[in-house]
Amino acid sequence: MRFRDDRALRPNGWRRVVAIMVGMAALLAGVALSFASSAFEPVDPLTVIDDDFARHRDPALWTGLSVSRVMFSEGATTWRLWRIANVSRPDGPLWVVTHDNENATFSAALDAVRSWGGVAMVVDTGPVDGSYRARFNRDTTGSPPIDPNRNFRDSLPLYASHVLADLGPRPRLIVALHTNAPGFDAALAGCAKATGGGSGEISIRLCNARFQPSPSLSRRWPFDDDDNLALIPYLPDAGGQSAWCGDRLVKADFNVVFERVVKSDGSLSNYAAQHGLRYINFETRDLGSSPAGIAAAKARLVHMIDAMMERCGDVPEVDLRRLASR
Ligand SMILES: [Zn+2]
């Protein structure tokens with residue numbers, strides 16, 4: 001399969017190209033700026049003190065992967081990331097985990113970087129990640145804690161440039177992974193079809209000016225759960241049909257939410273849309289941090305990842321050969 005250059009460059013091709021160039025220039029400037037203040041340190045995944053790694057101590061899981069700690073400061077905030085790279089298969093997507101409390105996402109990212117290659121970048125907020133507290137970076141010198149998925153802003157170039165440091169000159173596909181709370185707050189709904197309720201912000205039943213859902217017709221697993229979906233952002237000028245891989249996933253009977261990005265909320269999805277980067281986000285319902293809860297949520301994420309890669313993995317530097325090591 002070939003990368004669909006023709007589609008990427010029409011009808012808003014020039015605008016997309018300019019956006020990509022501006023985005024990459026900003027990223028590269030950020031990377032250049034940041035080397036002076038960054039620390040990179042190799043990490044042994046079998047001994048490092050951190051709940052995510054403690055749940056994955058089987059040496060076989062780490063064969064062919066290298067793990068490092070990335071640390072840097074921006075303003076008053078100190079950030080810590082884990083970088084997990086597939087050494088034998090460096091090409092592949094950039095897998096991004098921004099919420100340390102969403103523990104199935106670490107497990108799914110580890111599976112994905114083993115299966116499909118590339119690099120996983122994981123935000124770490126501390127060694128203990130069993131509560132909602134772990135969602136936020138509190139190393140802010142007294143300022144309020146920061147949601148790592150509301151910090152992708154051009155005014156904070158070091159953060160985006162570190163998380164996205166491995167995008168490369170022909171930007172890789174970015175795959176973000178999240179778990180979410182059941183249902184959605186009815187106050188967010190803006191259409192007649194929105195039914196249900198709950199505490200979350202993400203659901204295939206939620207529609208409004210920002211989110212346009214395309215629900216699975218068969219509702220076959222993993223799409224039997226309304227919180228299990230692919231979310232793809234797009235800019236209003238380009239239209240929903242420009243959302244990367246959206247048409248193929250609708251045909252494959254995924255739950256797909258198209259996110260119309262008008263003003264960025266600092267999320268990676270909004271940042272990606274505004275910088276012309278190929279991006280998809282997989283969401284599933286959070287089932288807690290027990291081994292069974294993590295395994296069940298991870299299985300749903302991995303199913304969506306594999307199905308997406310089989311249909312849309314025709315991006316530069318990615319071939320469709322799944323690693324035999326899974
Ligand atoms: Zn999240």
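**Reading a mixed sheet, strand by strand**

Modeller: Let's start with one pair: valine 97 has valine 122 of β5 as its bridge partner. Helix α8 (residues 291-312) packs on the sheet and touches β6 (174-180), β8 and β10 (279-285). Contact here means C-beta atoms, placed from the backbone, within 7 Å. The direction of α8 makes about 150° with that of β10, where axes are lines fitted to C-alpha atoms, for helices over the stretch in contact, and angles run from 0 to 180 degrees between N-to-C directions.

Biologist: What kind of model is this, and how are residues numbered?

Modeller: Residues are numbered from 1 along each chain as its sequence is written. The model is predicted, so local features need pLDDT of at least 70 and side-chain atom pairs count only at pLDDT 80 or more, while totals for chains, interfaces and linings use all residues. pLDDT is the predictor's confidence in each residue, from 0 to 100. The chain's mean is 86, with 82% of residues at 70 or more. Over residues 1-14 the pLDDT is below 50, and this stretch has 9 contacts beyond near neighbours in sequence. Where pLDDT is low, the predicted coordinates should not be read in detail.

Biologist: How do I read pairing, and in what order do the strands of the open sheet lie?

Modeller: Strands of a sheet pair through backbone hydrogen bonds, either parallel or antiparallel. Two strands count as paired if DSSP finds at least two bridges between them; helices (H or I, at least four residues) and strands (E, at least two) are DSSP runs, numbered from the N terminus. Here 10 strands follow the order β1-β2-β3-β5-β4-β6-β10-β8-β9-β7, with mixed pairing. β1 (39-42) and β7 stand at the edges with a single partner strand each, so one side of each lacks a neighbour in the sheet.

Biologist: Which strands pair with β8, and in what sense?

Modeller: β8 runs antiparallel to β10, joined by 3 bridges, and pairs in the parallel sense with β9 (residues 256-260) over 5 bridges. Leucine 231 has asparagine 281 of β10 as its bridge partner, and proline 233 stands opposite glutamate 259 in β9.

Biologist: Which way do the residues of β8 point?

Modeller: In a regular strand the side chains alternate between the two faces of the sheet. Leu229, Leu231 and Pro233 point one way from β8, and Ala230, Ile232 and Tyr234 the other, all of them buried. Buried means 20 or more other C-beta atoms within 10 Å of the residue's own, exposed 12 or fewer, and partly exposed in between.

Terms used: Contact = placed C-beta atoms within 7 Å.
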